[in-house]
Amino acid sequence: MIDSQSVKADAVVGADSRGFDGGKLINGRKRHVVVDTLGLLLGVMVTSADIGDRTAAKVLLAQVADAHHRLELLWADGGYTGGLVEYCLAAFALVLAIVRRSDDMRGFVVLPKRWIVERLFAHLMRSRRLVRDFERRTSSVEAMVYWSMNMVMTRRLARSRPARA
């Protein structure tokens, strides 16, 4: 699953790495993530918020496809439609399936497979350092996302272990 999240940037974030996301009206950065079906983070890339999802996806998917050779199918939302579907098939032999929301749906509806990446964003927002973008460099933000996911997995494993006698 691939998706992105726009996050407001603090005053220390330079103008060279921040942008304005017109769809969500946020001045800051955008986190692009790829997760597997369990919600484990496969790759993350941080860009300015004015970079489109399809543009960033080409770079991120190249990194993820190099690291994870068995990747065959990728789910995405409607923001990734267009030429990216054919590009993924030609460049990475990767099928990009678009999970669409029906026009007749009203209110909040859980879409198949989309909740996996949204759950990851919810876990990230539990980390105080990731609620707002405070880092000067995008590589620092990416490292914080990986660190936060390690903490999430540690908490999950601690809850799943049986209590000691």
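User: Before looking at the helices, what angles count as roughly parallel?

Analyst: Angles under 35 degrees count as roughly parallel. Please keep in mind that the model discussed here is predicted.

User: How is the packing of two helices described?

Analyst: Two packed helices are described by the angle between their axes and the distance between the axes. In this structure, helix α1 (residues 53-67) and helix α2 (residues 83-92) have axes that cross at roughly 25° and come within 11 Å. The two helices, α1 and α2, are therefore roughly parallel to each other. The crossing in which α1 passes α2 is right-handed.

User: Which residues make the contact between α1 and α2?

Analyst: On the side of α1, the contact is made by Arg54, Ala57, Lys58, Leu61, Ala62 and Ala65. On the side of α2, Leu84, Tyr87, Cys88 and Phe92 take part. Sorted by class, the residues of this contact of α1 with α2 are eight nonpolar, two charged and no polar.

User: How many aromatic pairs does a search of the whole structure find?

Analyst: The search finds one aromatic pair. Its members are Tyr87 and Phe92, and the pair is edge-to-face. The distance is 5.6 Å centre to centre, with 85° between the planes. Planes over 60 degrees apart count as edge-to-face. Both residues also belong to the α2 side of the contact with α1.

User: Is Tyr87 buried, exposed or partly exposed?

Analyst: Tyr87 counts as partly exposed, because its relative accessibility is 31%.

User: At what angle do helices α3 and α5 pack?

Analyst: The angle between helix α3 (residues 114-125) and helix α5 (residues 138-160) is about 95°, and their axes are 10 Å apart. That makes α3 roughly perpendicular to α5. From α3, the residues Arg119, Leu120, His123 and Leu124 meet Val145, Ser148, Met149, Val152 and Arg156 of α5. By class, this contact of α3 with α5 has five nonpolar, two polar and two charged residues.

User: Where does Leu120 lie, and what does it touch?

Analyst: Leu120 lies in helix α3. With a relative accessible area of 1%, Leu120 is therefore buried. Apart from neighbours within four places in sequence, Leu120 is in contact with Val33, Val35, Gly39, Leu41 and Met149. One of these, Met149, is a residue of α5 that takes part in the contact with α3. Leu120 and Leu40 are 80 residues apart along the chain, and their C-alpha atoms are separated by 8.1 Å.

User: What is the sign of phi in most residues other than glycine?

Analyst: Most residues other than glycine have a negative phi. In this structure, Leu25 has a positive phi of about 55° although it is not a glycine. Leu25 is found in the loop between β2 (19-21) and β3 (26-35). Its relative accessible area is 62%, so Leu25 is exposed. Ala93 likewise is not a glycine and has a positive phi of about 55°. Ala93 is found in the loop between α2 and β6 (95-98). At 57% relative accessibility, Ala93 counts as exposed.

User: How should one read a residue in a strand, and is Asp3 buried or exposed?

Analyst: One may ask about location, accessibility and contacts in turn. Asp3 is found in strand β1 (residues 2-8). Buried means under 20% relative accessible area. Asp3 has a relative accessible area of 4% and is therefore buried. Leaving out residues up to four places away in sequence, Asp3 touches Arg31, His32, Val33, Asp77, Tyr80, Arg114, Val117, Glu118 and Phe121. Asp3 and Tyr87 are 84 residues apart in sequence, and their C-alpha atoms are 17 Å apart in space.

User: Which strand holds Leu73, and which residues does Leu73 touch?

Analyst: Leu73 lies in strand β5 (residues 73-76). At 41% relative accessibility, Leu73 counts as partly exposed. Not counting residues up to four places away in sequence, Leu73 touches Leu94, Val95 and Ala97. From Leu73 to Leu89 the separation is 16 residues in sequence and 9.9 Å in space, C-alpha to C-alpha.

User: Where is Ser139, and how accessible is it?

Analyst: Ser139 is in helix α5. Ser139 counts as partly exposed, at 40% relative accessibility. The C-alpha atoms of Ser139 and Ala11 are separated by 18 Å, and the two residues are 128 residues apart along the chain.

How values were computed
Residues numbered from 1 in each chain as written. Predicted model: local features only at pLDDT ≥ 70, side-chain atom pairs only at ≥ 80, totals over all residues. Heavy atoms only, no water. Axes fitted to C-alpha atoms, helices over the stretch in contact; angles between N-to-C directions. Helix = DSSP H or I, 4+ residues; strand = E, 2+ residues; numbered from the N terminus. Parallel < 35°, antiparallel > 145°, perpendicular 65-115°, else oblique. Left-handed = near helix turned anticlockwise from the far one by under 90°. Contact = heavy atoms within 4.5 Å. Nonpolar A, V, L, I, M, F, W, Y, C, P; charged D, E, K, R; others polar. Phe/Tyr/Trp six-rings, centres within 6.5 Å; stacked < 30°, edge-to-face > 60°. Buried < 20%, exposed > 50% of the residue type's maximum accessible area, 1.4 Å probe, protein only.
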